[in-house]
Protein chains: 2
Amino acid sequence: MRELYELCGASPEVVFSPYCWRVRLALAHKGLDFTSRPVRVTDKEALAFSGQKLVPVLRDGETVVHDSLAIFRYLDEQYPERSLLGGAVGESRLRLVDQLIAQDLRPGLFRLLVLRILTLLDPADREPFRQSREKNLGMTLEAFADREAGQAQLARALQPLDAQLAGQPWLDGAEPGGADYLIGGFFFWAWTLGEQPWPEDSPVGAWFRRLLAFCEERQGPVRRAAAV
Amino acid sequence: MRELYELCGASPEVVFSPYCWRVRLALAHKGLDFTSRPVRVTDKEALAFSGQKLVPVLRDGETVVHDSLAIFRYLDEQYPERSLLGGAVGESRLRLVDQLIAQDLRPGLFRLLVLRILTLLDPADREPFRQSREKNLGMTLEAFADREAGQAQLARALQPLDAQLAGQPWLDGAEPGGADYLIGGFFFWAWTLGEQPWPEDSPVGAWFRRLLAFCEERQGPVRRAAAV
């Protein structure tokens, strides 16, 4: 029995956390099936068994692992075929990439998505979500959700990805790998929320369509929130 | 006979190109000795044998290779022990890191270093250097060399590196590797020009001292231009 605990809004059908999508893509890569266990933002009890409060959590038989990159490492140890990380050095480079994309890609998309997330949450989750995020951001969600600033930050984030993908189909080269899932998770975040704030007609746009097809071939149609 | 063709200014003793430093560090990593062939900016004849005009060029017996990452690949193929790239996926992740650091680290340092470079070039090289760079930048070197903008861009570039180095001694993990040399080349660029525009007392500051010691243990003292 393999279960993935992942974030959902009011509807348990739409799961949208970027870190959970990393794990969904990693499971597709390994050819492993799983049962989705959608968890609402404030439902901390559902994760108590993992000894911490954050999704994603993977329960694989007797083993419980949380944190997307720790789950990648567990999957490589337990199912060594088709490495996700590429060993210790490969993992270290993924962590470096993760630090580098934290400057523009993650916050740029979050600016563009945050009000959309708010409307899709269970009504009881909205005020706790707003309070915790506004405390971190030091401003109201409405002030943070500046579309012009978000689009500029995202455009900047897409430049190096477009450059990397100009000469190869996947961020990791000829085949999809850990870097594609690490970064792809952020694109699935937007996509599942019913948005696509990057240009369709670009190397990144073509790459995302490949990644979506890769995922849907293995796990069936990706459920999206209705477009506004 | 192994020769590294690398960029120098008026003095052939001080070599400062960041891409050439990548290769010097890679040669230290592999434990390979070499003879330095310093080349002045406008001395394109010196590189004619390589069929192109850019340093670094490595001549290893009958083989001639240019471009820092192509040289890493050649070294891994010819001297497989202690891989620099970590195979095709590792190389692809290094190229992604290279794209990501091209946004702030390289231009931030270039702003801070460009006028220093100009004074260290052979007098005959200064005008051609100015013309080609000003054409690329679309402004005068003096306008580009805005110290406040350069420091802000560099501070932004150091954040993800500090985060990566907070928990491990090298960018590539427990041992220095390709990512350390790829990025370290930019720090040797500043260092050899007699500058150190990053905080000594920071994870990056400590990492650079380790990288400098690693290099000097294997290749002797690093020659720096006199501080201004």
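Two strands are said to pair if DSSP finds at least two bridges between them, and helices (H or I, at least four residues) and strands (E, at least two) are DSSP runs, numbered from the N terminus. The model is predicted, so that local features need pLDDT of at least 70, side-chain atom pairs count only at pLDDT 80 or more, and totals for chains, interfaces and linings use all residues. Residues are numbered from 1 along each chain as its sequence is written, chains are lettered from A and ligands numbered from 1 in the order in which they are written, and side-chain values use heavy atoms, with hydrogens and water left out.

**Exercise 1.** Determine how strand β1 of chain A is joined to strand β2 of chain A.

*Solution.* Begin with the bridges: β1 (residues 2–8) and β2 (residues 35–40) of chain A run parallel and are joined by 6 bridges. Within this pairing, A:L4 has A:S36 in β2(A) as its bridge partner.

**Exercise 2.** Work out the strand order of the sheet in chain B and find its edge strands.

*Solution.* The sheet is open, has 4 strands with mixed pairing, and follows the order β2-β1-β3-β4. Its edge strands, each pairing on one side only, are β2 (35–40) and β4 (63–66) of chain B. As for the antiparallel part, β3 (residues 57–60) of chain B is joined to β4(B) by 4 bridges, and B:L58 has B:V65 as its bridge partner in β4(B).

**Exercise 3.** Find the turn that lays chain A on chain B.

*Solution.* Superposing by least squares on the C-alpha atoms of residues with pLDDT of at least 70 in both copies, a turn of 180° with a shift of 0.0 Å along the axis lays chain A on chain B with an RMSD of 0.0 Å. The two copies are therefore related as by a two-fold rotation axis.
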